Amino acid sequence: IQYGWFPKDSKIFNYRTGIDFEMLSRIKDGNLENMEVSPEFEITFKSGYSSFTGVAFRKEGVLEDFDLPENVIVPAGDYSFRGIHGFINSPKTKKFVATIGYQAGEFYDGKRVSFELSPEFNLSSSLQLSGTYKIDHVNFSARSQEFTTSIARLKLTYMLNIKISMSSFVQYNESDNILITNFRLRYNPK
């Protein structure tokens with residue numbers, strides 16, 4: 001559910017406020033798998049800059065222990081936690097566009113802080129280079145466990161015309177020491 005409005009005689013293009021709700025139940029036993037309620041607020045300026053923030057309240061039903069990087073384990077159980085998340089965008093119509101994202105708060109029985117930087121270079125009307133770097137730090141102080149991970153992505157897109165485009169994607173995951181690549185050729189006959 002959301003509501004937005006456009007102020008008159010202002011540098012602000014619009015405001016938007018709302019609430020996001022998601023819930024999944026397990027097929028196996030019908031109990032709660034996860035649920036999130038997140039009040040949100042977004043503001044967009046006439047210059048093209050925008051900012052978004054949300055406060056998330058989550059519940060998770062974990063049936064079995066699961067592993068995280070650096071031998072960190074989240075034990076089975078029911079968890080309730082909350083946090084804040086959001087981003088700031090520069091205008092999407094410029095040659096250089098940037099998004100800065102953040103997330104902080106509780107994470108199961110610990111705490112998490114994440115930052116993400118996503119620059120995008122519109123080199124021409126047909127060629128775009130974009131990247132993302134994300135770093136996460138998670139700390140379970142009661143269990144004396146913590147880890148920090150990062151992921152780096154690079155994407156190159158070339159649009160020959162409105163029917164044919166190509167994109168190449170490379171991602172490096174530091175915690176698993178894995179490099180993933182992908183190439184896509186897209187043809188749209190219409």
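Begin by selecting Phe-147 in this predicted model, and then display its surroundings: leaving out residues up to four places away in sequence, Phe-147 touches Leu-68, Pro-69, Glu-70, Val-72, Asp-136, His-137, Val-138 and Phe-140.

**The nonpolar core**

Keep Phe-147 selected and widen the selection to the group it belongs to, which is the largest nonpolar core, made of 11 residues: Val-62, Leu-68, Val-72, Val-74, Tyr-79, Phe-81, Phe-107, Tyr-108, Val-138, Phe-140 and Phe-147. If you now colour the strands, you can see that β6 (72-74), β7 (77-89) and β10 (127-140) each supply at least two residues of this core.

**Ala-104 and its neighbours**

Next, select Ala-104, which lies in strand β8, covering residues 96-107. Is this residue buried, exposed or partly exposed? Ala-104 counts as partly exposed, because its relative accessibility is 30%, and buried would require a value under 20%. Add Ile-84 to the selection and draw a line from C-alpha to C-alpha: Ala-104 and Ile-84 are 5.5 Å apart in space, although 20 residues separate them in sequence. Ile-84 is also one of the residues that Ala-104 touches, the others being Gly-83, Arg-112 and Val-113, when residues up to four places away in sequence are not counted.

**Strand β3: Asn-34 and Glu-36**

Move to strand β3, which runs over residues 32-45, and pick out Asn-34 within it. Asn-34 counts as buried, because its relative accessibility is 19%. Which residues does Asn-34 touch, if those up to four places away in sequence are not counted? They are Glu-22, Met-23, Leu-24, Arg-58, Lys-59 and Glu-60.

Keep Arg-58 on the screen and select Glu-36 as well, since these two form a salt bridge in which the closest N and O atoms are 2.8 Å apart. The pair links distant parts of the chain, with Glu-36 in strand β3 and Arg-58 in strand β4 (residues 50-62), 22 residues apart. The two partners can be compared by their accessibility: Glu-36 is buried, with a relative accessible area of 15%, whereas Arg-58 counts as partly exposed at 26%.

**More salt bridges**

Side chains of opposite charge can pair when their charged atoms come close. In the whole structure, a search finds eight salt bridges, and another of them joins Glu-42 to Arg-16, where the closest N and O atoms are 3.0 Å apart. Glu-42 lies in strand β3 and Arg-16 in strand β2 (residues 12-25), so this pair ties together parts that are 26 residues apart in sequence. Both Glu-42 and Arg-16 are buried, and for Glu-42 the relative accessibility is 18%. Select what surrounds Glu-42, setting aside its neighbours within four places in sequence, and you will find contacts with Asn-14, Tyr-15, Arg-16, Ser-51, Phe-52 and Phe-87.

For a further pair, select Glu-33 and Arg-26, which form a salt bridge with the closest N and O atoms 3.9 Å apart. Here Glu-33 is partly exposed, with a relative accessible area of 31%, while Arg-26 is buried, with a relative accessible area of 12%.

**Strands β11, β12 and β13**

Now turn to strand β11, which covers residues 145-159, and show it together with strand β12, residues 164-173. In what sense do β11 and β12 pair? They pair in the antiparallel sense over nine bridges, and they form a hairpin with four residues between them. To follow one of these bridges, select Ile-151 and then its bridge partner in β12, which is Asn-173.

Continue from β12 to strand β13, residues 178-187, where the pairing is again antiparallel, over 10 bridges. Within this pairing, Gln-171 stands opposite Ile-180 in β13. The hairpin of β12 and β13 has four residues between the strands, and there you can select Asn-177, which takes a positive phi near 50°.

**A surface patch to finish**

Finally, switch on the surface and select Tyr-158, Leu-160, Met-166, Phe-183 and Leu-185, which together make a nonpolar surface patch of about 500 Å². Tyr-158 is found in strand β11, and it counts as partly exposed because its relative accessibility is 33%.

Technical notes:
Residues numbered from 1 in each chain as written. Predicted model: local features only at pLDDT ≥ 70, side-chain atom pairs only at ≥ 80, totals over all residues. Heavy atoms only, no water. Core = buried A, V, L, I, M, F, W, Y, C linked by side-chain atoms within 4.5 Å. Buried < 20%, exposed > 50% of the residue type's maximum accessible area, 1.4 Å probe, protein only. Contact = heavy atoms within 4.5 Å. Patch = residues over 30% accessible without salt bridge, like charges linked within 9 Å, V, L, I, M, F, W, Y side chains within 5 Å. Areas by Shrake-Rupley, 256 points an atom, 1.4 Å probe, with all protein chains shown as cover. Salt bridge = Lys/Arg side-chain N within 4 Å of Asp/Glu carboxyl O. Pairing = 2+ DSSP bridges.
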